[in-house]
Amino acid sequence: MNEALRVRVGGGVTLDADLALPSGPAGRPRGLVLFAHGSGSSRHSPRNRHVAERLQAAGLATLLADLLTLEEERQDSVTRELRFDIGLLARRLEALSDWAQTDARTEGLPTGLFGASTGAAAALVTAASLPNRVHAVVSRGGRPDLAGDRLERVRQPTLLIVGGADPLVLDLNGQAMERLAGETRLEIVPGATHLFEEPGALDEVARLATAWFTTYL
């Protein structure tokens, strides 16, 4: 069951988030996965929630947060600038990780990051900034190229999931794979487009992400 939260992330900014805490084999979650949604999306993304439910079934806690405030979202709906401000999104994601490490419910849990579209770049930048805290990264239809030179500093195991019918993003992920410093795998979901809306495509994303996180968290 999800618990609605409001998390302070500094600078007078408070973000809305949903935390789910399933019980793992030892009575606590086996790890925590923070979600970074893609451009124009939110914590209510049905695609991310589908993946989160599968992770929860495997005993992993999940935190889905809006990385922009309501006012910022209204601004972004017009300018479309903030969704590409990877530095801002990464700072917010890092602040959420700071909060998780101080909250009694999630303190000490090994952390993974799941990023979609531009959120994948924010997840990779955060992983580079928190090498001792972030243990694994999964990207769904991501834009890792937007992480820039931080890619070479990501040493955590990273799974890149791309739709087979998403040629531009597939090419960008192939290039990024050569620059990532840690263990990296590229998984192609045959016939899937950028949003993985085809029958069974999102189930395959959830299966791959669950296997990756349960291995490395």
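Here is a short chat about how some labels in this predicted model follow from their values.

User: What makes Phe35 and Phe114 an aromatic pair, and why is the pair called tilted?

Analyst: Their ring centres are 4.9 Å apart, and rings pair if the centres lie within 6.5 Å. The planes of Phe35 and Phe114 sit at 40° to each other. Stacked needs under 30 degrees and edge-to-face needs over 60, so this one is tilted.

User: Why say that this pair links distant parts of the chain?

Analyst: Phe35 is in strand 3 (residues 31-36) and Phe114 is in strand 5 (residues 111-116), 79 residues apart. Both Phe35 and Phe114 are buried, too.

User: How do you know that the rings of Trp212 and Tyr216 are tilted?

Analyst: Same recipe. The centres of the Trp212 and Tyr216 rings are 4.9 Å apart and the planes are at 50°; that angle is neither under 30 nor over 60, so tilted it is. The structure holds two aromatic pairs.

User: Why are Trp212 and Tyr216 about one helical turn apart?

Analyst: Because they are four residues apart in helix 6 (residues 201-216).

User: Is Trp212 buried or exposed, and what about Tyr216?

Analyst: Trp212 has 3% relative accessibility, and buried means under 20%, so Trp212 is buried. Tyr216 comes in at 26%, which falls between 20% and 50%, so Tyr216 is partly exposed.

User: Now the helices. Why is helix 1 called oblique to helix 6?

Analyst: Helix 1 (residues 46-57) packs against helix 6 at about 45°, with the axes 9 Å apart. Roughly parallel would take an angle under 35 degrees and roughly perpendicular would take 65 to 115, so helix 1 is oblique to helix 6. The crossing is right-handed.

User: Which residues of helix 1 and helix 6 meet there?

Analyst: On the helix 1 side they are Arg47, His50, Val51, Arg54 and Leu55. The helix 6 side includes Leu202, Asp203, Val205 and Phe213. By class, this contact has seven nonpolar, two polar and four charged residues.

User: What makes helix 3 and helix 4 oblique as well?

Analyst: Helix 3 (residues 86-102) and helix 4 pack at about 60°, with their axes 8 Å apart. That angle is not under 35 degrees and doesn't reach the 65 where roughly perpendicular begins, so the two are oblique. Helix 3 also passes helix 4 in a right-handed crossing. Among the helix 3 residues in the contact are Ile86, Leu89 and Leu93, and the contact divides into eight nonpolar, three polar and one charged.

User: Why single out the phi of Ser117?

Analyst: Most residues other than glycine have a negative phi. Phi of Ser117 is near 55°, a positive value in a residue other than glycine. Ser117 lies in the loop between strand 5 and helix 4, and its relative accessible area of 13% is under 20%, so Ser117 counts as buried.

User: What makes Phe196 worth flagging?

Analyst: Phe196 also isn't a glycine, yet it has a positive phi of about 55°. Phe196 is in the loop between strand 8 (184-189) and helix 6. At 3% relative accessibility, against a cut-off of 20%, Phe196 is buried.

User: And why is Arg150 called partly exposed?

Analyst: Its relative accessibility is 27%, between 20% and 50%, so Arg150 is partly exposed. Arg150 lies in the loop between strand 6 (134-140) and strand 7 (158-163). Leaving aside neighbours within four places in sequence, Arg150 is in contact with Val125, Ala128 and Ser129.

Definitions and conventions:
Residues numbered from 1 in each chain as written. Predicted model: local features only at pLDDT ≥ 70, side-chain atom pairs only at ≥ 80, totals over all residues. Heavy atoms only, no water. Phe/Tyr/Trp six-rings, centres within 6.5 Å; stacked < 30°, edge-to-face > 60°. Buried < 20%, exposed > 50% of the residue type's maximum accessible area, 1.4 Å probe, protein only. Axes fitted to C-alpha atoms, helices over the stretch in contact; angles between N-to-C directions. Parallel < 35°, antiparallel > 145°, perpendicular 65-115°, else oblique. Left-handed = near helix turned anticlockwise from the far one by under 90°. Contact = heavy atoms within 4.5 Å. Nonpolar A, V, L, I, M, F, W, Y, C, P; charged D, E, K, R; others polar.
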